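Subject: Structure for your review

Dear colleague,

Please find below the structure that I am handing over to you. I should be grateful if you would keep it open while you read the notes that come after it.

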Amino acid sequence: MCGIVGVLGFQNSNFRVTKPYLARLRDQMIHRGPDGAGLWIDPALNVGLGHRRLAIVDLSPEADQPMCNEDGSLWVSFNGEIYKHAELRQELNRIRPRRWKTDHSDTEVILHSFQEWGIDCLSRFRGMFAIAIWDARSREMWLIRDRIGIKPLYYTLDNGRLAFASEIKALFADPLQS
């Protein structure tokens, strides 16, 4: 089990993401990911993703999250497992050769799938997952859960921003939450 967290400040909001703010939320879930932790904050300071890692599928540091694609236009924080991700990787390579930074990370397969098929990539995913994808080109945040809802994903809309996490106690740690 891993833990994801993130925040998106709306256009007319004065909210700015900071490392201490995002780390505070993320680290409420340290038990979900004792193998590592990561943060990414958009240079405009209105979007941030965090991750607590329990390394299972790919143990290498190249599989750390949040993870981005080659040009930094897509960012993902992911909890769960995409079954048959190796077959999806092969399908993506048949469409066109890709530069992979990992040998077998299902997280990276999510990135390349979203890059290839957009949100329609979900029709190819089987597994249990909660995924946050930030598309910097379209300025869209996608929050995604598996069809049955095995992996938790909680969110709140408050004070000019969307905040989300794998556990509700992470959202309760938000000092701006009313």
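The notes below set out what was found, element by element.

Please bear in mind throughout that this is a predicted model.

The five-stranded sheet

One open sheet is built from five strands, which follow one another in the order β2-β3-β1-β9-β8 with antiparallel pairing. The edges are taken by β2 (36–41) and β8 (154–158); each has a single partner strand, so one side of each is left without a neighbour in the sheet. On average, and with direction ignored, neighbouring strands here are turned by 10° against each other.

At the β8 edge, the partner is β9 (residues 161–165), and five bridges join these two antiparallel strands. If you wish to find this pairing in the viewer, look for Y154, which stands opposite A165 in β9. Helix α1 packs on the sheet and touches β1 (3–9), β2, β3 (47–53) and β9. The direction of α1 makes about 140° with that of β2.

Two residues between helix and sheet

R26 lies in helix α1, which covers residues 19–26. Is R26 buried or exposed? Its relative accessibility is 9%, and the limit for a buried residue is under 20%, so R26 counts as buried. Apart from its neighbours within four places in sequence, R26 is in contact with V5, A37, G38, L39, H51 and R52.

One of those contacts, L39, belongs to strand β2. With 29% relative accessibility, L39 counts as partly exposed. When neighbours within four places in sequence are left aside, L39 is in contact with K19, L22, A23, R26, L49, G50 and P66. A further distance may help you to place L39: its C-alpha atom is separated by 16 Å from that of S73, and the two residues are 34 apart along the chain.

Strands β5, β6 and β7

Strand β6 (127–135) is joined to β5 (74–82) by nine bridges, and the two run antiparallel. Within this pair, V76 stands opposite I133 in β6. Strand β6 also pairs with β7 in the antiparallel sense, over six bridges. Here W134 has M141 in β7 as its bridge partner. How many residues of β6 are buried? Seven of the nine are, so β6 is largely enclosed by the rest of the structure.

β6 and β7 form a hairpin with four residues between them. R139 is in that turn, and its relative accessible area of 42% makes it partly exposed.

Two packed helices

The axes of α2 (85–95) and α3 (residues 106–117) come within 10 Å and cross at roughly 40°. An angle of that kind makes α2 oblique to α3, and the crossing is left-handed. On the α2 side, the contact is made by H85, L88, R89, E91, L92 and I95. On the α3 side, it is made by D106, E108, V109, H112, S113, E116 and W117.

Backbone details

Most residues other than glycine have a negative phi, and most peptide bonds are trans. Three places in this model deserve attention against that background.

- The peptide bond from Q65 to P66 is cis, with omega near -5°. P66 is found in the loop between β3 and β4 (67–68).
- K84 is not a glycine, yet it has a positive phi of about 55°. K84 sits in the loop between β5 and α2, and at 62% relative accessibility it counts as exposed.
- R139, also not a glycine, has a positive phi of about 60°. This residue is in the loop between β6 and β7 (140–145).

Cysteines

How many disulfides does the structure hold? The number is zero. C2 is in no disulfide, and the nearest cysteine sulfur to its own, that of C68, is 18 Å away. C121 is likewise in no disulfide; its nearest cysteine sulfur is that of C68, at 17 Å. C2 counts as buried at 10% relative accessibility, and C121 is buried with a relative accessible area of 1%.

With kind regards

Note on methods:
Residues are numbered from 1 along each chain as its sequence is written. This is a predicted model: local features need pLDDT of at least 70, side-chain atom pairs count only at pLDDT 80 or more; totals for chains, interfaces and linings use all residues. Side-chain values use heavy atoms; hydrogens and water are left out. Buried means under 20% relative accessible area, exposed over 50%, partly exposed in between (1.4 Å probe, protein chains only). Contact means heavy atoms within 4.5 Å. A disulfide is a pair of cysteine sulfur atoms within 2.5 Å. Two strands pair if DSSP finds at least two bridges between them. Axes are lines fitted to C-alpha atoms, for helices over the stretch in contact, and angles run from 0 to 180 degrees between N-to-C directions. Angles under 35 degrees count as roughly parallel, over 145 as roughly antiparallel, 65 to 115 as roughly perpendicular and the rest as oblique. A crossing is left-handed if the near helix is turned anticlockwise from the far one by less than a right angle, and right-handed if clockwise.
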